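This report is a short guide for a reader new to the structure. Please look over the sequence and the model before reading on.

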Amino acid sequence: MMEKITKDVGDIQSRLLDHRPVVQGEIRYFVREFEEKRGFRESRLLENLNRMVAETQEQALPTCTQALQEDLRQVLARLEAANHMTQRIQQRELEAQQSPGLQAHAERHRAEWEEFLKEQGRKKEAVEEEHAKAVGRLSAQYSEMAKGLTRFSHF
């Protein structure tokens, strides 16, 4: 009987003072709950992603592909038009270079331009010369005025 009491006291003491088995049980329960909830959350996330990818493949991808093809057709048509216009311009330039009348006109135009530039240079020189004379006159005038002021400053 004493052994039984000692055993019961030992069991009571281990339950009151040794909490390891209870804590370990709680930890196992917490870990199991956490893993289950986390697993459900991850599976829901993967299902949502899978649904989004399927919707994109079914709806958005065909729409974008069709719009891209239409836009590419328009861009190709515009590029062809621009290429055709460039070819026409090159053809006209080639014809202009080969035409003697147009060459004479271009030569005459160059000569007129050179004469114009020379005339502008002469006018520029004349204006600069007139400006220099005006600056000289004004300098002389202000010098005379300064001398006049010095005569009156003695008073």
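The sections below cover confidence, overall form, surface, salt bridges and a few single residues.

## Model and confidence

The structure is a predicted model. Across the protein chain the mean pLDDT is 84, and 91% of the residues score at least 70.

Confidence varies from helix to helix. Helix H1 (residues 2–17) has the lowest confidence, with a mean of 70, while helix H3 (residues 100–152) has the highest, at 91. Where pLDDT is low, predicted coordinates should not be read in detail.

## Helices and overall form

Three helices and zero strands are found in the protein chain. Following the sequence gives the pattern α-α-α. Helix H1 covers residues 2–17, helix H2 covers residues 20–98, and helix H3 covers residues 100–152.

How does the radius of gyration of the protein chain compare with that of a compact globule of 155 residues? The protein chain has 51 Å, whereas such a globule would have a value near 15 Å. Along the principal axes, the C-alpha trace spans about 140 × 85 × 20 Å.

Two pairs of residues give distances within this form. Asn-83 and Ile-5 are 78 residues apart in sequence, and their C-alpha atoms are 108 Å apart in space. His-109 and Ser-99 are 10 residues apart in sequence and 15 Å apart in space, again from C-alpha to C-alpha.

## Burial and surface

What share of the 155 residues is buried? Buried residues make up 1% of the protein chain. The exposed area of the protein chain is about 15000 Å², and carbon and sulfur atoms supply 60% of that area.

One nonpolar patch on the surface has an area of about 480 Å². Val-23, Ile-27, Phe-30, Val-31 and Phe-34 make this patch. Val-31 belongs to helix H2. Val-31 counts as partly exposed because its relative accessibility is 37%, which lies between the limits of 20% for buried and 50% for exposed.

## Salt bridges

How many salt bridges are counted? The count comes to five, and three of these pairs are described here, beginning with Glu-129 and Lys-133.

The side chains of Glu-129 and Lys-133 meet in a salt bridge at 3.6 Å, N to O. Both residues lie in helix H3, where they are four residues apart, about one turn of the helix. Glu-129 has a relative accessible area of 47%, so this residue is partly exposed. Lys-133 is also partly exposed, because its relative accessibility is 45%.

Lys-147 and Glu-144 form another salt bridge, with 4.0 Å between the closest N and O atoms. This pair lies in helix H3 as well, three residues apart, about one turn of the helix. A further salt bridge joins Arg-122 to Glu-115, and here the closest N and O atoms are 3.4 Å apart. Arg-122 has a relative accessibility of 47% and therefore counts as partly exposed. Glu-115, at 41% relative accessibility, counts as partly exposed too.

## Two single residues

Is His-109 buried, partly exposed or exposed? His-109 is partly exposed, because its relative accessible area is 49%. That value is under the cut-off for exposed, which is over 50%. His-109 lies in helix H3.

Asn-83 has its place in helix H2. With a relative accessibility of 42%, Asn-83 counts as partly exposed.

Key: Residues numbered from 1 in each chain as written. Predicted model: local features only at pLDDT ≥ 70, side-chain atom pairs only at ≥ 80, totals over all residues. Heavy atoms only, no water. Patch = residues over 30% accessible without salt bridge, like charges linked within 9 Å, V, L, I, M, F, W, Y side chains within 5 Å. Areas by Shrake-Rupley, 256 points an atom, 1.4 Å probe, with all protein chains shown as cover. Helix = DSSP H or I, 4+ residues; strand = E, 2+ residues; numbered from the N terminus. Buried < 20%, exposed > 50% of the residue type's maximum accessible area, 1.4 Å probe, protein only. pLDDT = per-residue confidence, 0-100. Rg over C-alpha atoms; globule rule 2.2 N^0.38 Å.
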